[in-house]
Amino acid sequence: SNWGNDDDLEMYHDGSNSYIDNHQGDLYIRGEDDNIILQAVDGENSIKCNPNSEVHLYYDDVSKIYTTSDGVTIPTSSSAHGLRISSTGDTYNQIRFDSNRSNANSHIGRIINYWNGTAVSYISMDTGSDTTNKDDGIIRFWTSDGGGNYERMRIEGSGNIGMGLTPQCTTGKILNLDDEFFIGFGNGGSG
């Protein structure tokens, strides 16, 4: 079947496969108050669009990712499942955070761990001190003591590591790149 001028929209079967071809403008598939569902196999959802709500992507009729009002959710039911980024060639993968923050020591990206809905630890990738060139950064590690998350360790842009620091880096141990640093057991010797 053809619709419009010059076969703008065609729907046909070629003896092996079925096609919907749109040759002019955008193609809209619209519903009213009901869901729009695409099924690769009869009775097995592939994509489900709920009106004014989430959109689900399925694998083998199981929802694997869906949109929410503030982002996306990847539901998991077993401990080894979730987000996996993989490549098949001789290359690397990345998660990229990009933010135009104005102040020093501001979060650009965070990985937050929740225990039954409560944030108990996170890693923050933050801006450094050069707010003009915006070309230095720090990584901070935070944990909760039951009263909130507090910075426990940071890696400065210089490579120095601070542990047990106050937010102003005035107390605690600063490990400089030139320090000799040993971890071990014994009576305080350097072995």
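Phe97 counts as partly exposed, at 37% relative accessibility. The model is predicted. Phe97 is found in the loop between E8 and strand E9, which spans 107-115. Phe97 is one member of a nonpolar patch on the surface. The other residues of the patch are Ile74, Leu83, Ile85, Ile95, Ile108 and Ile111. Together, these side chains and Phe97 have about 630 Å² of accessible area. Membership of such a patch needs over 30% relative accessible area. Phe97 passes that cut-off because its relative accessibility is 37%.

Now step back to the whole chain. It has 191 residues, of which 12% count as buried. The secondary structure comes to 14 strands and zero helices. From the N terminus on, every element in the run is therefore a β element, since helices and strands are what the assignment counts.

Five of these strands form an open sheet. The order is E4-E5-E6-E7-E8, and the pairing is antiparallel. Strand E4 (36-41) and strand E8 (71-73) are the edges: each pairs on one side only. On average, neighbouring strands of this sheet are turned by 20° against each other, direction ignored. Strands of a sheet pair through backbone hydrogen bonds, either parallel or antiparallel.

Follow the sheet inward from the E4 edge. E4 and E5 pair in the antiparallel sense over five bridges. In this pairing, Ile37 stands opposite Lys48 in E5. The two strands make a hairpin with two residues between them. There, Gly43 takes a positive phi near 85°.

Next comes the pairing of strand E5 (residues 44-49) with strand E6 (residues 55-59). This pair is also antiparallel and runs over three bridges. Cys49 has Val55 in E6 as its bridge partner. His56 is found in strand E6 too. Is His56 buried or exposed? It is buried, with a relative accessible area of 12%. The side chain of His56 makes a polar contact with the side chain of Glu54, at 3.4 Å.

Charged pairs come next. Side chains of opposite charge can pair when their charged atoms come close. The count of salt bridges comes to five. One of them joins Asp98 and Arg96, with the closest N and O atoms 3.6 Å apart. Asp98 is exposed, with a relative accessible area of 64%. Arg96 is exposed as well, with a relative accessible area of 64%.

A second salt bridge has a buried setting. The side chains of Asp126 and Arg140 meet at 2.4 Å, N to O. Which strands does this pair tie together? Asp126 lies in strand E10 (residues 118-127) and Arg140 in strand E11 (residues 137-144), so the contact links parts that are 14 residues apart in sequence. Asp126 is buried, and Arg140 is buried too.

Arg154 and Glu151 supply another salt bridge, at 2.6 Å from N to O. Arg154 counts as buried, at 3% relative accessibility. Glu151 is also buried, with a relative accessible area of 10%. Both are under the 20% cut-off, so the label holds for each partner.

These two pairs belong to one group. Asp126, Arg140, Glu151, Arg154 and Glu156 are linked in a network of salt bridges. Four of its members, Asp126, Arg140, Glu151 and Arg154, have been met above as buried residues.

Last, look at the backbone in two loops. Most residues other than glycine have a negative phi, and most peptide bonds are trans. Asn105 departs from the usual sign: its phi is near 55°, a positive value in a residue other than glycine. Asn105 lies in the loop between E8 and E9, and Phe97 is found in that loop too. Asn105 is partly exposed, with a relative accessible area of 39%.

Lys134 has a positive phi of about 55°, although it is not a glycine. Where does Lys134 sit? Its place is in the loop between E10 and E11. Those are the strands that hold Asp126 and Arg140. Lys134 is partly exposed, with a relative accessible area of 44%.

Terms used
Residues are numbered from 1 along each chain as its sequence is written. This is a predicted model: local features need pLDDT of at least 70, side-chain atom pairs count only at pLDDT 80 or more; totals for chains, interfaces and linings use all residues. Side-chain values use heavy atoms; hydrogens and water are left out. Two strands pair if DSSP finds at least two bridges between them. Helices (H or I, at least four residues) and strands (E, at least two) are DSSP runs, numbered from the N terminus. Axes are lines fitted to C-alpha atoms, for helices over the stretch in contact, and angles run from 0 to 180 degrees between N-to-C directions. Patches are made of residues with over 30% relative accessible area and no salt bridge: like charges are joined within 9 Å, nonpolar side chains (Val, Leu, Ile, Met, Phe, Trp, Tyr) within 5 Å. Accessible areas come from the Shrake-Rupley method with a 1.4 Å probe; for residues, only the protein chains shown count as cover. A salt bridge is a side-chain nitrogen of Lys or Arg within 4 Å of a carboxyl oxygen of Asp or Glu. Buried means under 20% relative accessible area, exposed over 50%, partly exposed in between (1.4 Å probe, protein chains only). A polar contact is a pair of N or O atoms within 3.5 Å; within protein, one must be able to donate a hydrogen and the other to accept it, and residues adjacent in sequence count only if both atoms are side-chain atoms.
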